[in-house]
Amino acid sequence: MNAPVDVSFFARAAKPLTSYRPYWAKRFGTAPFLPMSRAEMEQLGWDSCDIVLVTGDAYVDHPSFGMAVIGRVLEAQGFRVGIIAQPDWQSAEPFKALGKPNLFWGVTAGNMDSMINRYTADRKIRSDDAYTPGDVGGKRPDRAAIVYSQRCREAFKDVPIVLGGIEGSLRRIAHYDYWSDKVRRSIVVDAKCDLLLYGNAERALVEVAHRLAAREPVEQITDVRGTAFVRRPDDESGKGWFEIDSTSVDEPGRVEAHVNPYMTTSEQAASQGSSCSKEDAPDLVADGAGGASAVGQKDPKSAQPNPAIQPMLFVANPALKARLKVPPRDKSVIRLPSYEQVKNDPVLYAHANRVLHLETNPGNARALVQAHGEGPTARDVWINPPPIPLTTAEMDYVFDLPYARSPHPSYADENGSHDGATKIPAWEMIRFSINIMRGCFGGCTFCSITEHEGRIIQSRSEDSIIQEIEDIRDKVKGFTGTISDLGGPTANMYRLGCKSPEIEAACRKPSCVYPGICQNLGTNHDPLIKIYRRGRALKGIKKILIGSGLRYDLAVKSPEYVKELVQHHVGGYLKIAPEHTEQGPLTKMMKPGIGSYDKFKQMFEKFSEEAGKKQFLIPYFIAAHPGTSDEDMMNLAIWLKKNGFRADQVQTFYPSPMATATAMYHSNKNPLRKITRDSETVDIVRGEKRRRLHKAFLRYHDPNNWPLLREALKAMGRADLIGNGKHHLIPTFQPLTDGGYQSARRTNSTPSRPGSARAPGTTPAKPQKGRLLTQHTGLPPRVTGAAKPSARKPR
């Protein structure tokens, strides 16, 4: 059994969100929607806003949208909060629409990093934006957080700027920027904000808001967890800290290991990754004086341990013990290599990235500092330890606030509807879904969830979740009885966590499930099973589907959960993410082997058959991930064909800022291990031709890819895979094709055969058996309870 969530060390380590005295403006009450115009402010009786939030997304008052959550949390604390959504950034005028904020600006690029939102993995501009009415692209600038901050400063120069959101979180230190192919400065320096709040920021933001309301200068607010700011090297507020050079924590140079004199020859060889060619003869390890073996060895005559021989014990000198005190962690700061150093030295960049990831546990993380600039312009970017996770009671408080659960009325069409030309796809996707938890302890290197939300799972209570299901049923327009998702970053980590609060607070592992599931991790799925059963038993609820990705290596630990999921909560197909089949890339991703997938697949098929249902797994795979060789992709393609899968659209590795895999991509080093100048080199897939080849292997069935694959297979010495038999990967004949690849988020498919392309705006067919669709944007629509979408006009 898992320990209850609130028994955790973190539950008692921070001031509760509900313990602050409300700001005086609470007398104005709750707004139906946070105002976006002066007219709405007047209707509410406001003469000004205490806080103005600027966001790159359309304003949807729903707990899946960060600005809505932040706005409602601040409103509940008594502040008057206005929103400026997707402003025209060409001038500062649109930023003056709500007047001068009394306390501060809150700035974010939106629910996605603005560069990832606008560009594909091949750096091509997207034509659409799921967070904009009508799915229209181009409504936010590149590097939106920086641009918005500049315009806010122009609009009202003396108002503090508090930056947040995932774009700020992932760029809080000097970071590799895939789009410019260089290391950029911390966004704190580029945006010139007064404070950066990283991660889920409710706790930090509430404290900062109340301190600013008490007229505390923003430059003095330097002790809040989960914040970053710029400080001069000679600033008095930075005195009294014990500074630790990061290279003493994790040396990026050659370090020779001390030889253990008690290890056998074969053990020494094994520790160095080799083996001993000789048997460990007794005379090789015997003590010359008496012939008895060294400590840990057996007497060769008796073949039994010699009790007379005891190991030497080393203890600290009591006289020196008082002088060798370790500095307290809460007053220790680790100095990372400067921006100028990591910019010019990829090995130091990988080292800095590794140290940052080692300091992510709120229970033991130390502050970080990184210098930017030299001489008189030198500034230090300080990053305080991560925020203390919310307790279950605080999660309920955040999610139980009075959200309207719909887009702002200003986006509605003439009929007051948000469908058709005014539809916001991101809202449509989560319209009938419920977020039950936050965080992820998977630690996948290509994913940024850990860097943003952390590894500690923060779960809502069962009653809060059930109440939200009832609210959707009773209040949300268009609901037909189907909840589209009960999940979060992962579908089945609800209430999972470390069995020991002490171990949880001290752990520095990047993943709780790699290379295997940690023995200290609770894997009991009973609380989740109970919610599923209670939710689907509610009157008016026909179906509860699970749309979030499933961590199948955890799920197989609870066969009862898999049975419950498969027989009652799968809408024909289920998304899981093995990502690859080969050990090379899997070790760089920190993902389990394909054997775990096979085990889950057996259980999935068994329980589906018992229920008399025809259901399919939808596995996700990644092409061109660091550590992936051409042979790895070829073997994956062979596996796909052997298992009858045809990928409709593939995912190519996308180097998001600050992810561990991105550090691999930039440095050719592996930050999962200690970084040295001559440590492991990672194979990186660069260049359009090789990235296209890796994608082509995933789409081995596409005739457009056959010429490229034939050429590659011959170069690899695997021409035996070219032929017209069932065991061949690609045929020898070449049909007439256009030779290109149609990448589309709207039409979202390459014709599986010439002339079979469907018309824009039409609905794709339901998946056939053996047909694999690898992206949620490419999946055929399933019944989610939403009203029938109107036909999209052809582009």
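**Cavities and a helix pair in a predicted model**

Trainee: How much space lies in the second largest cavity?

Mentor: The model is predicted, with local features needing pLDDT of at least 70 and side-chain atom pairs pLDDT 80 or more, while totals for chains, interfaces and linings use all residues. Residues are numbered from 1 along each chain as its sequence is written, and side-chain values use heavy atoms, without hydrogens and water. A cavity is a set of points on a 1 Å grid over the protein atoms alone where a 1.4 Å probe fits but cannot get out. For the second largest cavity, the space filled by probe spheres set on the points is about 50 Å³.

Trainee: Which classes make up the lining of the second largest cavity?

Mentor: Lining residues have an atom within 4 Å of a point; here they are Asn 117, Arg 118, Arg 126, Asp 128, Asp 129, Gly 137, Gly 138 and Arg 140. Asp, Glu, Lys and Arg count as charged, and Gly is among the polar residues. The lining therefore has no nonpolar, 3 polar and 5 charged residues.

Trainee: What is the volume of the largest cavity?

Mentor: The lining of the largest cavity includes Arg 172, Tyr 198, Glu 359, Asn 384 and Pro 386. By class, this lining has 6 nonpolar, 2 polar and 3 charged residues. The volume of the largest cavity is about 60 Å³.

Trainee: How many cavities of 30 Å³ or more does the count give?

Mentor: The largest cavity has about 60 Å³ and the second largest about 50 Å³. With the 30 Å³ limit, the count of cavities comes to 5.

Notes: 1 Å grid on protein atoms, 1.4 Å probe; cavity = no way out; pocket = protein on both sides within 12 Å on 5 of 7 lines; lining within 4 Å.
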